[in-house]
Each structure stands twice: as C-alpha cells, then as structure tokens.
Number of protein chains: 2
Amino acid sequence: MDVELRQLRCLVAIVDEGTFTDAAIALGVSQAAVSRSLASLERALGVRLLRRTSREVTPTGTGLRVLAHARRVLGEVDDLVREAASGHDRLRMGYAWAALGRHTPAFQRRWAAAHPATDLQLVRVNSATAGLAEAASDLSVVRRPVDDRRFDSAIVGLERRLCAVAADDPLARRRAVRLADLSGRTLLVDRRTGTTTTELWPPDSRPATEEIHDVDDWLTVIATGRCVGMTAEATAHQYPRPGVVYRPVRDAEPVAVRLAWWRDDPHPAAQAAIELLTALYRGD
Amino acid sequence: MDVELRQLRCLVAIVDEGTFTDAAIALGVSQAAVSRSLASLERALGVRLLRRTSREVTPTGTGLRVLAHARRVLGEVDDLVREAASGHDRLRMGYAWAALGRHTPAFQRRWAAAHPATDLQLVRVNSATAGLAEAASDLSVVRRPVDDRRFDSAIVGLERRLCAVAADDPLARRRAVRLADLSGRTLLVDRRTGTTTTELWPPDSRPATEEIHDVDDWLTVIATGRCVGMTAEATAHQYPRPGVVYRPVRDAEPVAVRLAWWRDDPHPAAQAAIELLTALYRGD
DNA sequence: CTCAGCTATACGCTCCAGTCATGGATGTGG
DNA sequence: CCACATCCATGACTGGAGCGTATAGCTGAG
C-alpha cells in the first residue's frame, strides 16, 4: 500500500471544507470515494488522521502534522507542473561569439511584437552544441555545419566574409579586398573558442603560414598588424575596435548562418524563430 | 490527466539508473510499465522530459528542472510518512498543575527501561482536556472526573488530601488534621486554573465561607495565614514553599488520579503508561 | 423519540495500470 | 555489409483498484 497524491488532496480538502461531504463536492467526487480515500491513507500510514463525529471532523495530533506535510507536497507538485509549463514562455537563443550582428535589434523587436507571451533571451554559450547539450539554450546560432546526429539545424541566411586588418595596413585603405590580396599574410586563428576560419579560406589562396594564438582578445593581435583575420559580418558588427578595420572579401564564399536545436525535441517556438530570422536575412 | 507519484518515482528511477530497463528492475515492474508511466507523465505535463536513444537516456532542459522538483516532492512524501510513523516513538504526558508528585522520577526511570523506543515527555498544559484537544499531549493527568464525551479516562491511583496552612498557624504543629479542624477557616480556591476543592469537602463539614481569589501564586496567599488550602499530595510534593506547611487531612476522601485520552484515538503506548502508573501508585 | 445529517460499507461496474509479446531504431562486431 | 544485441514504444489483454449508487449505522438537535 502506498501513499498517493489523490489521498493527500482528499485529506486537505476534508480539513479545509470541514466535512467529508463538502470535501467530496469540492473534489467533484462522491462522498463514498472521499471516505475510502482517507481510509486507505490512514491504512497506508498506520495512523488515525481524523476524528469523525456526526457534527464535525477534527484532525488528530498526527493528522495535523501530516496535514502540514501534505500541503507542502501538493504545493511542490503545483510548482512542478508550473515549471514544466514555463518552458513555453521563454526562448533562450545561444550564441558562441557573434549573435545576429546587425539583425539583433530588429529580431528582438519583431519577436517581442509577434510573440509577446514568449520571452526571448540571448545567452552566451561556449559553443552552439555545448549550449544545447547543457540545456543552457533552446536554439543556438552556429556558422558551420552541425555534424552531431543529436542535433538538427537550418540555414537562416548568408553573411559576407570580412577580413580584419590593422587600421594602418595598406589594405585598410581599400573598400574591399580579394583573397589573393591576403596571400603571404599570417592568418590569426582563435583556438580558444574552437573557431577557425582556415577551412573557409579557398585552398589555393590560403596564407602560406598561419599563426596559432591562444588569445583572450583576438582583436588586440589584429591591431598590432602582425596578423590578419577572417570573420563573418556579424562578428565584425558586434566587435568594433579602434585600430582594426573590416573589409569585405569579394571572392570569399559567404558564411551560412544556421540555427541548431535538439533533433527530437525542438522548442515550441523554434520554427517561428527560424522563419523570422530567415525573413530578416532576406531583407524583409 | 493528473500527475501521480508513481510517475515521478519512475522519472527519478530512469535518470538514476540510466535506462528504462534498469529503472524497471529497480522499481520491480516491467519495462513496458516504465515506458507507459513516463509517457503518461510527459502527456500530463505536455512536455518531453527525456531524450531516448538506444544507447542512453538524457533529460531535456525541462526534464532537468522537473526532475529536481520531483526529487523534492518524493522527499517530502518520505518525510510525511516518517512523521506519521513518528507518533509511536514519543509519548507526551500532559499535566496541568501537579504531575505525578513523588512518583515522577520512578515513572520516568521505569518507563525509559521498559520502553526505550518511546520517548516520554512531560508537558505542562492549561488543562488536561485542553492539552488533548490542542494535540499538545497524548495522555493527560487529571484529578477530577472527565465529563467530555470525546475523552476517556482511567483511575491509576489515589492520593491523600493535604491541607496547606501558614507555618505559624496552630494547625502546623499537628501531625495531621481533620476537616472539623478547618471549620471557620477561609478556604482558598484558585479559579484561574479552574481547580476547586470545595466539592471534595463533605457537605456537612464544608467551611462556612470561602474566599475566591484569582491569584497567580496560590501559595503566597496561604503563607500570609489569611486562608487555608486543600490540595492533592502530588501538588504538595511538587510545590514546597517556606512559610507553608502541608498536613494530611485524615477524614477527607482521597483524590482519584486519572489519566485521560481521546476516546477513539488512544496513543499506542497509552495502556502501558496506565499500567505502569497503577503499579507505582499500588506501591510496586 | 424522531429526524436530519454525517460517515462507513456492500455491490456492481468501469477503466486504467500492468504484463506479455512484438516491432522499430540504433550502435556493434565479425 | 549484415547479423546481432540492446533498448524503447506499442498493441492486445487482464486483474484489480477506485468509483458511484444505495443503504446501514451513528449521533446530536429539536
């Protein structure tokens, strides 16, 4: 014999209502069911919980203590149900380095207008998949293909490749550059965040040497002029820095911006977010 | 559809054991039952709680939060069951004015020896029945008949009547007195505790006048010599006071000492306490 | 004493939780 | 590459728990 929530609800209702009969009405069941439920609870606990007379029903000493516990249990269960339902009223979008660049304000504004019930939160994560795996985000922005079978992803738009050079670099005077212009330069790769741009670099024009830095601040090194960097447009937009200029690389392939999520467990609002972002990248 | 404890136990077991199959073994049910239970919980909450693969089972973000709540709920239920069972390991004996007088130490000693698992607590209550009604005591010492139908009582022994007189009263020089010796004196009655001794007085020899005092300290008035008092032996034993002496009243009927309890809900150890006290009063 | 109102219980029924068996999915090792 | 092992989901079935109805038993009130 085991304690069941139904029995605890019954106990609380009886004490609150004062009689078994009124408790039955409050619970929407017959008086017989209430009587049996409480009897089974008392049998399960091996203790008399209520003193019944034909006039009133009063809790025993044990009954009072058990009642307090029962209220706590039922309160906790309510919290649990609320907590489970609260997943729908919040969408946490993870980003590792760059969020959505120049689209971020518009995205937040239009999301709030279209989905006032679902709070949008942008959260910084170590990587798109790590954010999902650790349940820190419901949907993650990622700029490379997702090979993990547990996750699914969709391309929401394309971003230009920019190269980052020191402000006093000769290239900084040009409106745009080509990959060939970067030959012979040293490409700066940030190993810390796991972000490398080398594979996006066309192989035939890849810099002869690449310098691997484990830097906290990628831009500081760029500003020294010792290296150049390649990055997506959103990153450039999000990390302006005196001494560093960004220039579009005309012949570099654009970067696909993706949203990733748990394949078999997408957030209820995921599809809406994907569609809104796609529209923004399309220019709508 | 409602959340049930069985479902929560299931969720916790799955996460702890790692697979549905092992959880089923741990819960002592079939794997199919575990699968169904969790499915029904997810349906009730409207949320996916676990991600299943053929290799491992990992909680969803919501699943993690719900899991934490579930553990709390189950912990509370355990507390509730423990609390209900704990009634048996404690016997609270209430007393209003005098406890058991000179028998108190022996009672405590012999109870501890005979019932080491049941902790004996002596608690001061406003009145025997009030202590029971407020669930402050499980068993109350009372020295008058209990007329409340809700309670039952048993006589455990008899105590001599003592009269309390000032130390410089002529009666203080006698080893014992008779009711007739108190004729003409003023009998002090304590209305505050509801204790009156007049009805124990043989009607024909009852003091001519009685002075009703609403005193905090009965003994202080006795010591002034203005009044005399009548009390049970246990009270005299429990409240010695310089300036007041107690003398047995030979021809006063002894007082019946009773234990009272809720008629339809006696403490499991009540009978044992009654028997032990009876033996002590008998002189065993 | 009768009556009104309450709880406990007997009886029949329903429906759900469980078991068994099987199917589908996935990772593994030959 | 395929057979296998392992795991979860699901369909069919069953026993029992729990419900409602009706009624008995109890207890104050009038």
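Begin by selecting chains A and B of this predicted model: 32 residues of chain A are in contact with 32 residues of chain B. Next, highlight helix H4 of chain A, residues 61-85, which gives the most to the side of chain A that touches chain B, contributing 17 residues. If that side is then coloured by class, 15 nonpolar, 6 polar and 11 charged residues appear.

**The symmetry of the pair**

With both chains still displayed, superpose chain A on chain B. A turn of 180 degrees, with a shift of 0.1 Å along the axis, lays chain A on chain B with an RMSD of 0.2 Å. The two chains therefore stand in the relation of a two-fold axis. The contact surface follows this arrangement: the same surface serves both copies, and 100% of the contact residues of chain A recur in chain B. To locate the axis, select A:Val73; of the residues of chain A, its C-alpha comes closest to the rotation axis, at 2.8 Å.

**The surface near DNA strand C**

Now display DNA strand C and the 23 residues around it. Which of these residues come nearest to the strand? They are A:Phe20 and A:Ala32 from chain A, together with B:Ser30, B:Ala32 and B:Ala33 from chain B.

Then select three helices: H2 (20-27) and H3 (31-45) of chain A, and H3 (31-45) of chain B. Each of them supplies at least two residues of the surface near DNA strand C. As a last step, colour this surface by class, which shows 7 nonpolar, 10 polar and 6 charged residues.

Conventions. Residues are numbered from 1 along each chain as its sequence is written. Chains are lettered from A and ligands numbered from 1 in the order in which they are written. This is a predicted model: local features need pLDDT of at least 70, side-chain atom pairs count only at pLDDT 80 or more; totals for chains, interfaces and linings use all residues. Two residues are in contact if their C-beta atoms, placed from the backbone, lie within 7 Å. Helices (H or I, at least four residues) and strands (E, at least two) are DSSP runs, numbered from the N terminus. Ala, Val, Leu, Ile, Met, Phe, Trp, Tyr, Cys and Pro count as nonpolar, Asp, Glu, Lys and Arg as charged, and the others, Gly among them, as polar. Copies are superposed by least squares on the C-alpha atoms of residues with pLDDT of at least 70 in both. A residue is near a molecule or strand if its C-beta atom, placed from the backbone, lies within 6 Å of it.
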